[in-house]
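Work through the exercises below with the structure open beside you. Try each task before you read its solution.

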Amino acid sequence: MPCPGGRPRVSRPVARVFVLTGAGISAESGLGTFRDPGGLWRRFDPMRLATPEAFAREPEEVHAFYNLRRQGVREAAPNAAHAALARLEVGLAARGGGLFLCTQNVDDLHERAGSRSVVHMHGELMRVRCTACGAAAPWAEDLGLDTACPACGRRGGMRPDVVWFGEVPLHLDAIGDALAAADLFVAIGTSGAVYPAAGFVAQARAAGIPTREINLAPSDTAGLFDEATYGPATRAVPDFVA
Ligand code: BJW
């Protein structure tokens with residue numbers, strides 16, 4: 001198959017594509033990013049809302065923040081960039097290859113655009129987890145101190161099933177294996193400010209895997225990419241997939 005997105009640095013067929021997405025891919029669906037002007041972490045202190053310590057100290061404040069975010073996700077619709085990645089998954093599979101779609105986003109817009117396999121390394125806003133028994137379950141409604149765990153019945157310990165600062169991201173073994181086996185690494189709409197995801201491009205480079213950035217503007221790690229396209233995701237991602 002032709003190489004999506006231009007000439008690879010190492011000449012070999014592109015069959016296994018590793019795509020890392022960030023908040024920028026959902027920006028044109030109306031979901032705010034974190035670090036752009038007006039972004040969530042410009043308006044709210046992440047240390048007061050997105051750490052386990054913050055949840056232990058001020059659970060009601062944390063619930064209110066995530067209830068608002070959940071409402072935003074419910075009201076948002078996937079955009080042309082999400083749809084293009086769903087098409088890429090089908091196209092690569094038809095050619096005997098595969099897409100490993102790893103998202104830092106906690107929204108469900110990739111799934112609603114038709115992507116069948118999505119790895120949420122920072123968890124999912126539309127799921128809850130019980131801090132008492134560990135059970136996790138789908139949850140699209142508001143969450144509060146009075147919410148009972150569907151598994152153990154305990155109240156007061158339900159939290160959004162997302163990964164906060166200081167917590168270990170999810171699925172790191174599968175992500176590491178997929179990255180090592182990839183023929184192309186593509187980062188879309190992520191600032192490269194948060195680790196370990198920000199380190200994936202360096203890992204890919206060290207393994208000789210060609211790398212491409214698609215973003216509105218150069219990210220913090222832009223210098224590590226072989227190729228880049230700068231523009232809105234709804235235009236740049238469909239162009240890359242075509
Ligand atoms: C567009 C666009 C358009 C706009 N089209 N593009 C020093 C001090 C303290 C901690 C650390 C430290 N150094 C490292 C750490 C660890 C820490 C970290 O990285 N901190 C940094 C801030 C320095 N990391 C962690 O704590 C992680 N855990 C960890 O490291 O565990 C240890 C461990 C690791 C591995 C193995 C074993 C142990 C956990 C990080 C959890 C991050 N959680 C959040 C919140 C999730 C829940 C929620 O949503 O509320 O995840 S923070 C937030 O940032 C969210 C995102 O997934 C993540 C990344 O943000 P993203 O997606 O890049 O968004 P932005 O806003 O930053 O960028 C948007 C981009 O889009 C921009 O570039 C725009 O240009 C672009 N864009 N519009 C295309 N239309």
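**Exercise 1: A helix on strands**

Find helix α5, residues 59-75, and state which strands it lies across and at what angle to β4 it runs.

Solution. This is a predicted model. Step one: locate α5 at residues 59-75. Step two: look at what it crosses; α5 lies across β4 and β6. Step three: compare directions; α5 runs at about 135 degrees to β4.

**Exercise 2: The sheet with β4**

Give the strand order of the open sheet that holds β4, and name its edge strands.

Solution. Step one: the sheet has 3 strands, in the order β5-β4-β6, and the pairing is antiparallel. Step two: β5 (136-138) and β6 (158-162) each pair on one side only, which makes them the edge strands. Step three: neighbouring strands here are turned by 40 degrees against each other on average, with direction ignored. Step four: zoom in on β4 and β5. They pair over 3 bridges in the antiparallel sense. Here R129 stands opposite A136 of β5.

**Exercise 3: A parallel set**

Trace the bridges from β1 to β2, and from β2 to β3.

Solution. Step one: β1 (residues 16-21) runs parallel to β2, and 6 bridges join them. T21 has T103 in β2 as its bridge partner. Step two: β2 also runs parallel to β3, with 3 bridges between them. T103 is partnered with H120 in β3. Step three: check how covered β2 is. Of the 6 residues in β2 (98-103), 5 are buried.

**Exercise 4: The annotated residue**

Place H122 between its two strands, then decide: is H122 buried, exposed or partly exposed?

Solution. Step one: the unreviewed UniProt entry carries the annotation "active site" at H122. Step two: H122 sits in the loop between β3 (118-120) and β4 (123-130). Step three: count neighbours. H122 has 19 C-beta neighbours inside 10 Å, so H122 counts as partly exposed. A buried residue would need 20 or more. Step four: list contacts, leaving out residues up to four places away in sequence. H122 touches Q104, V106, V162, V163 and P169.

**Exercise 5: Two domains**

Write down the bounds of both domains, then describe how they touch.

Solution. Step one: domain 1 covers 1-31, 78-122 and 169-242, while domain 2 covers 33-75 and 128-162. Step two: their centres, taken over C-alpha atoms, are 27 Å apart. Step three: 10 residues of domain 1 are in contact with 6 residues of domain 2. Step four: sort the domain 1 side by class. That side has 5 nonpolar, 3 polar and 2 charged residues.

How values were computed:
Residues are numbered from 1 along each chain as its sequence is written. This is a predicted model: local features need pLDDT of at least 70, side-chain atom pairs count only at pLDDT 80 or more; totals for chains, interfaces and linings use all residues. UniProt positions are given in the numbering used here, feature names are shortened, and annotations may be inferred rather than shown by experiment. Helices (H or I, at least four residues) and strands (E, at least two) are DSSP runs, numbered from the N terminus. A residue is buried if 20 or more other C-beta atoms lie within 10 Å of its own, exposed if 12 or fewer, and partly exposed in between; C-beta atoms are placed from the backbone. Two residues are in contact if their C-beta atoms, placed from the backbone, lie within 7 Å. Two strands pair if DSSP finds at least two bridges between them. Axes are lines fitted to C-alpha atoms, for helices over the stretch in contact, and angles run from 0 to 180 degrees between N-to-C directions. Domain bounds come from an automatic or database domain assignment. Ala, Val, Leu, Ile, Met, Phe, Trp, Tyr, Cys and Pro count as nonpolar, Asp, Glu, Lys and Arg as charged, and the others, Gly among them, as polar.
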